[in-house]
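Here is a colleague's note for someone meeting this structure for the first time. Please read the points in order, with the structure open beside the text.

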Amino acid sequence: QVQLVESGGGLVQVGGTLRLACAASGRPFSNYAMGWFRQAPGKEREFVAAISWSGASTYYADSVKGRFTISRDNVNNTMNLQMSSLKPEETAVYYCATEKRRWGRRLNTRDDEYDYWGQGTQVSVSS
């Protein structure tokens, strides 16, 4: 059974930093690309960042480029999202997810390309 567990969320002031973590189990972690998404109250879930199965490639939503960094550790089956210069509008529940395809050749931003999801971790940015 595949399990993804996020941690690291919390309350931070505008301009602050947070580091989210996602621990994966139940599937050969290093075979799948992974991503971070977020959903703010009353809004649709949106793509944040993705990382290839090897970790060699990353892709970011325009809104977070230069401020967020996605990384993964295939030995310990974890993925991280380092977030800096946070803005109030980035208050949301953040989810990690794993892609459907093994060894995918491109990174996907659509959530229907991901099949397993964590329960989410709340990030609140206060102004």
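1. A residue counts as buried when its relative accessible area is under 20%, as exposed when that value is over 50%, and as partly exposed in between. By this cut-off Arg38, at 6% relative accessibility, counts as buried. Please keep in mind throughout that the model is predicted.

2. The salt bridges are a good place to begin, and the structure holds eight of them. In one, Arg38 is paired with Glu46, and the closest N and O atoms are 2.6 Å apart. The two partners should be described separately, because Glu46 is partly exposed, with a relative accessible area of 37%, whereas Arg38 counts as buried.

3. Arg67 and Glu90 also meet through their side chains in a salt bridge, with 2.5 Å from N to O. Arg67 belongs to the loop between β6 (58-60) and β7, while Glu90 belongs to the loop between β8 and β9, and the pair thus links distant parts of the chain, 23 residues apart. Both ends are buried: Arg67 has a relative accessible area of 12%, and Glu90 has a relative accessibility of 2%. Through salt bridges that share partners, Arg38, Glu46, Arg67 and Glu90 are joined into one network.

4. A further salt bridge is formed by Arg27 and Asp115, whose closest N and O atoms are 2.8 Å apart. Arg27 lies in the loop between β3 and β4 and Asp115 in strand β10, so this pair ties together parts that are 88 residues apart in sequence. Arg27 counts as buried at 17% relative accessibility, while Asp115, at 30%, counts as partly exposed. Arg27 has another partner to look at, for it lies over the face of Tyr32, at 3.8 Å from the ring centre.

5. Which residues form one aromatic cluster? They are Phe37, Phe47, Tyr59, Tyr114 and Trp117, and a search of the whole structure finds five aromatic pairs. Phe37 and Tyr114 make an edge-to-face pair, with 5.1 Å from centre to centre and 80° between the planes. Since Phe37 lies in strand β4 and Tyr114 in strand β10 (residues 114-117), the pair ties together parts that are 77 residues apart in sequence. Phe37 is buried at 1% relative accessibility, and Tyr114 is likewise buried, with a relative accessible area of 3%. Over the ring of Trp117, a member of the cluster, sits the charged end of Arg45, 3.8 Å from the ring centre.

6. In soluble globular proteins, nonpolar side chains tend to be buried together. Here the largest nonpolar core has 32 residues, of which Trp36, Phe68, Met79, Leu81, Met83 and Tyr94 touch the most other members. Two or more residues each are given to this core by β3 (18-25), β4 (32-39), β5 (46-51), β7 (68-73), β8 (78-83), β9 (92-102) and β11 (121-126). The largest share, five residues, comes from β5.

7. Phe68 deserves a separate look, and a student may ask what it is in contact with once its neighbours within four places in sequence are left aside. The contacts of Phe68 include Val48, Tyr60, Leu81, Met83, Leu86 and Tyr94, and also Gln82 and Ser84. Arg38 and Glu90 are among them too, and these two residues belong to the salt-bridge network described above.

Notes. Residues are numbered from 1 along each chain as its sequence is written. This is a predicted model: local features need pLDDT of at least 70, side-chain atom pairs count only at pLDDT 80 or more; totals for chains, interfaces and linings use all residues. Side-chain values use heavy atoms; hydrogens and water are left out. A nonpolar core is a set of buried Ala, Val, Leu, Ile, Met, Phe, Trp, Tyr and Cys residues joined through side-chain atoms within 4.5 Å. Buried means under 20% relative accessible area, exposed over 50%, partly exposed in between (1.4 Å probe, protein chains only). Helices (H or I, at least four residues) and strands (E, at least two) are DSSP runs, numbered from the N terminus. Contact means heavy atoms within 4.5 Å. Rings of Phe, Tyr and Trp (its six-membered ring) pair if their centres lie within 6.5 Å; planes under 30 degrees apart count as stacked, over 60 as edge-to-face and the rest as tilted. A charge sits over a ring if NZ of Lys or CZ of Arg is within 6 Å of the ring centre and within 35 degrees of the ring normal. A salt bridge is a side-chain nitrogen of Lys or Arg within 4 Å of a carboxyl oxygen of Asp or Glu.
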